[in-house]
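Here are my notes for your reading of the entry below. I have kept to the surroundings of a single helix and the strands associated with it.

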Amino acid sequence: MTPLSDRQSDAFDNPAKMGCREGNLRVLREAAFLLWEDGDRTRLRCDWCELMGATGLLTLDLLEHQGVLAPGGFVGIDLDLSRIEGFRQRRPDLKWVAGNLYERLEAPELANVGILNLDEYGEVANRSAPVDFPLIRGLVQRGLDTFGEFALFWNQDLDAVVRRRQDRGQSLRRHADMVCEALKSCLPRRELTSGMLLPEGSEDQIDAGFVGVLGAFEVYRGSVRGHRMANLRVILR
Ligand SMILES: C[S@@+](CC[C@H](N)C(=O)[O-])C[C@H]1O[C@@H](n2cnc3c(N)ncnc32)[C@H](O)[C@@H]1O
């Protein structure tokens with residue numbers, strides 16, 4: 001791993017990205033309990049689904065190194081068929097899906113998913129998100145029915161919105177609104193609100209260059225001089 005990051009060449013293999021992966025596992029340990037087999041939260045009882053890219057094995061390595069995965073409890077998915085074929089040959093003991101997650105939600109490999117790392121790197125509040133994201137509702141509902149909990153991590157590019165002359169803070173607000181709308185009536189106990197995910201007034205902080213945790217979002221710099229990312233982490237129950 002390189003000590004300094006260059007988003008052009010190592011966007012997904014740098015210390016900031018590793019910190020993000022570790023943060024997902026930390027939040028799972030701190031905030032989820034029904035997804036774990038045991039009270040000590042050492043072993044998961046659901047499958048972890050990862051959008052792979054070239055570097056998704058780094059997530060798998062972390063989870064295996066920590067010994068948290070259920071046996072065979074990792075599902076890797078990617079749009080790139082040959083990439084998935086390579087992973088399948090390397091790790092035939094795990095589950096692999098080639099194709100678009102939003103079109104493969106009923107794949108048998110996804111039946112036991114309780115954690116989704118939707119590590120897309122699209123722009124926050126991009127135009128296709130209101131069409132695509134609500135489709136994962138069925139996956140979330142299935143996980144809630146099976147485990148009583150579902151963990152969703154959704155990592156998107158925050159600063160990329162300036163290319164379309166959009167305000168970053170307002171874009172992240174629209175992103176949070178859209179997540180709440182898509183998951184409406186999904187949770188048995190309460191409704192998610194935009195303010196729960198992103199506290200009121202966060203927009204100004206975001207526009208002023210904030211890095212850190214704001215509500216359910218961790219805003220971090222994907223590389224030393226690169227864009228800020230907004231990683232949503234929610235444990236739904
Ligand atoms: C940022 S990379 C994933 C990085 C990886 N999770 C890691 O920790 O290094 C994003 C990958 O997601 C894949 N992807 C994006 N949208 C997808 C979708 N709707 N279905 C399946 N794969 C998708 C892309 O092909 C890309 O390779």
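1. Two residues are taken to be in contact if their C-beta atoms, placed from the backbone, lie within 7 Å, and it is in this sense that I speak of covering in point 3. Please keep in mind throughout that this is a predicted model.

2. Helix α3, which spans residues 56-65, has G56, T59 and L63 as its buried residues. These residues lie on the same side of α3, because the arc they cover around the axis is only 55 degrees. D61, E64 and H65, by contrast, are exposed on the other side of the helix.

3. What, then, covers the buried residues of α3? The elements that do so include helix α2 (15-31) together with the strands β1 (47-51), β2 (74-78) and β4 (113-118).

4. Of these strands, β1 deserves its own remark, since four of its five residues are buried and the strand is thus mostly covered. It runs parallel to β4, to which it is joined by four bridges, and it also pairs with β2 in the parallel sense, again over four bridges.

5. E50 illustrates both pairings of β1, having N117 as its bridge partner in β4 and G76 as its bridge partner in β2.

6. As to the connection, β1, α3 and β2 together make a β-α-β unit that is right-handed. After α3 the chain comes to G67, a residue whose phi is positive, near 65 degrees.

Methods
Residues are numbered from 1 along each chain as its sequence is written. This is a predicted model: local features need pLDDT of at least 70, side-chain atom pairs count only at pLDDT 80 or more; totals for chains, interfaces and linings use all residues. A residue is buried if 20 or more other C-beta atoms lie within 10 Å of its own, exposed if 12 or fewer, and partly exposed in between; C-beta atoms are placed from the backbone. Helices (H or I, at least four residues) and strands (E, at least two) are DSSP runs, numbered from the N terminus. The arc is that of the directions from the helix axis to the C-beta atoms. Two strands pair if DSSP finds at least two bridges between them. A crossover is right-handed if, with the strands pointing away from the viewer, the path from the first strand over the helix to the second runs clockwise.
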